[in-house]
Amino acid sequence: MSEAVEYDVVVLGGGPAGENVVDRTRAAGLSTALVESELVGGECSYWACIPSKALLRPALARADAHRVPGLAGSVAGPLDAAAVFAHRDYWTGSWKDDGQVDWLESVGADVYRGHGRLYGVRKVAVTSPEGEHHVLSARHAVVVATGTRAVIPDLPGIGDARPWTSREATSAQAAPGRLLIVGGSVVAVEMATAWQALGSEVTLLVRGSGLLPRMEPFAGELVAEALREAGAVVRTGVAVESVVRDGSTGPVAVVLEGGETLEGDELLLATGRSPRTEDIGLDTVGLTPGGWIAVDDSCRVPGIDWLYAVGDVNHRALLTHQGKYQARIAGAVIAARAAGNGPLDTGRWGAHVATADTEALPQAVFTDPEAASVGLTLAEAERAGHRVRAVDYDLGKVSGAGLYADGYRGRARMVVDLDREILLGVTFVGPGAAELLHAATIAVAGEVPIERLWHAVPAFPTISEIWLRLLEEYRG
């Protein structure tokens, strides 16, 4: 190994969470190095959030247009798949990270390409693709932001089946004739929506009883209903027993428990994520390789005062925006500690704790209809011991929704803490519903009293008038 190069902070992993740590530590005047083994920008930029939404936007826009009088007949034909893929490729930079690297260099960070491993206390060893070795030493902190990868279940025949994961599903250059999707969470339903719109015959195979199990039950029910109306097959309560691929280019078949066989041209496995920690040197600091990295609310690893973990790898909230939020919190903690700025602000909702991970977690699912939620579901609130009431309203009865689309179908729910009269959670399902989410996030994170929400007047005629209807329903 070469002699160590010293920095204030070393970040292992260059996805959105790692980049945001760099942004915060450089803004605080701390010298920072970032290590990345693939593309700077990470999973979100090239194989997840960005390409998936580029694929989904035309599908959702066409679905909306079909519901608008005077426009529906003009969008009756198929999507221009080549144009959709070209737009997706533009937003991924054609899987080149020059722009992201330029930004890091513009803020004064040093980028090391290669495989990075913890190398004992406050050190990271880097092996470049050319076989060069570097050791980076951190005066103040090392931050792990290596993210996750798709889980490939250990099924008979899976090794020869060449299944898609989220990476192949968001980067494919042609729509398969028949696409089998195993899973019922976000990746599964979004990719079912996108590829059905692009011309694939989609079959969704779900082990559980419904879609989107982390949301209110009605969210998955409405999304499943819409997928079926669009032509997809949605089957719940089924489990895959084995997989068979017919040669190198032939179809793929899944065998279900009970012996039924289904055939497709491609198979997408959307069955979860696992941490990318198996070979990053966790054993050199007393942690378990291959596992999630437990952290406190400041994203610091307990018992190792210089080591932090942000983003998916800590398993607090596997969402890009939460990883970036954690990175901002961790960056503030590192900067405050480096400057010796007294005790940290670690009270609830303090500047140095990621409270929103557990109390105001927002998520948007870009299906048709969209599903968006923040905070606790009714079941979660009841399990946590809160005295609550769920207030529901048909989103399609709001004037703005009816003007947005003929036959608008949707639903809204707010979960009210009856003791404090604040909102613990809010869920919206309907076309365009994701744009309602941030107002709900502010209400939940800010613990805005219901009596004050009465004075937040929604503009007429917008879909946001759902807030008035929910409050009226609550008051009776």
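## Two cis prolines

Proline 461 sits in the loop between helix H15 (450–453) and helix H16 (466–475). The peptide bond leading into this proline, from phenylalanine 460, is cis, with omega at about -5 degrees. Keep in mind throughout that this is a predicted model, so every value here is computed from predicted coordinates.

There's another cis bond to look at, this one between aspartate 368 and proline 369, with omega near 5 degrees. Proline 369 belongs to the loop between strand E17 (362–365) and strand E18 (370–375). Aspartate 368 will turn up again below, as one of the residues nearest the centre of the second largest pocket.

## Positive phi without glycine

Which backbone angle makes serine 94 worth a look, given that it is not a glycine? Its phi is positive, at about 50 degrees. You'll find serine 94 in the loop between helix H4 (81–91) and helix H5 (98–106). Its relative accessible area is 43%, so serine 94 counts as partly exposed.

Glutamate 447 also has a positive phi of about 50 degrees, and it isn't a glycine either. Here the setting is the loop between helix H14 (437–445) and H15. With a relative accessible area of 23%, glutamate 447 is partly exposed. The cut-off for buried is under 20%, so the 23% of glutamate 447 falls outside that class.

## The second largest pocket

If you're after a cavity-like feature to click on, try the second largest pocket, which holds about 500 Å³ of space. Its lining is made up of 21 residues, and those lying nearest the centre are Ala63, Arg67, Ala226, Ala230 and Asp368. Asp368 is the residue on the N-terminal side of the cis bond to proline 369.

Where does the lining come from? Helix H3 (49–66), helix H8 (186–197) and helix H9 (217–230) each give at least two residues. H9 has the largest share, with 6 residues. Sorted by class, the lining has 11 nonpolar, 4 polar and 6 charged residues.

## Hairpins from E4 to E6

Strand E4 (residues 115–118) and strand E5 (residues 123–127) run antiparallel and are joined by 4 bridges. Within that pairing, arginine 117 has alanine 125 of E5 as its bridge partner. The two strands form a hairpin with 4 residues between them, and glycine 120 in the turn has a positive phi of about 90 degrees.

E5 then pairs with strand E6 (residues 133–144), again antiparallel, through 5 bridges. Valine 126 stands opposite histidine 134 of E6. This pair is a hairpin too, with 5 residues between the strands; glycine 131 in its turn has a positive phi of about 90 degrees.

## An antiparallel sheet of three

Three strands make an open sheet in the order E11-E12-E13, with antiparallel pairing. Strand E11 (240–245) and strand E13 (261–264) are at the edges; each has a single partner strand, so one side of each has no neighbour in the sheet. On average, neighbouring strands of this sheet are turned by 20 degrees against each other, direction ignored.

How many bridges hold E11 and strand E12 (residues 252–256) together? There are 5, in the antiparallel sense. One pair to pick out is valine 243 with its bridge partner valine 254 in E12.

## A parallel sheet of four

The order E10-E9-E8-E14 describes an open sheet of 4 strands with parallel pairing. Strand E10 (233–236) and strand E14 (266–269) take the edge positions, and because each has a single partner strand, one side of each is left without a neighbour in the sheet. The average turn between neighbouring strands here is 15 degrees, direction ignored.

Strand E9 (residues 201–206) and E10 run parallel, joined by 4 bridges. Leucine 204 has valine 234 in E10 as its bridge partner.

## Cysteines

A disulfide is a covalent bond between the sulfur atoms of two cysteines. How many disulfides does the model have? The count comes to 0, going by a sulfur-to-sulfur cut-off of within 2.5 Å.

Are cysteine 44 and cysteine 49 buried or partly exposed? Cysteine 44 has 11% relative accessibility, so it counts as buried. Cysteine 49, in contrast, is partly exposed, with a relative accessible area of 26%.

Notes. Residues are numbered from 1 along each chain as its sequence is written. This is a predicted model: local features need pLDDT of at least 70, side-chain atom pairs count only at pLDDT 80 or more; totals for chains, interfaces and linings use all residues. Side-chain values use heavy atoms; hydrogens and water are left out. On a 1 Å grid over the protein atoms alone, a cavity is a set of points where a 1.4 Å probe fits but cannot get out, and a pocket is an open set with protein on both sides within 12 Å along at least five of seven lines; lining residues have an atom within 4 Å of a point. Grid points are joined across faces, edges and corners, and a volume is the space filled by probe spheres set on the points. Ala, Val, Leu, Ile, Met, Phe, Trp, Tyr, Cys and Pro count as nonpolar, Asp, Glu, Lys and Arg as charged, and the others, Gly among them, as polar. Buried means under 20% relative accessible area, exposed over 50%, partly exposed in between (1.4 Å probe, protein chains only). Two strands pair if DSSP finds at least two bridges between them. Axes are lines fitted to C-alpha atoms, for helices over the stretch in contact, and angles run from 0 to 180 degrees between N-to-C directions.
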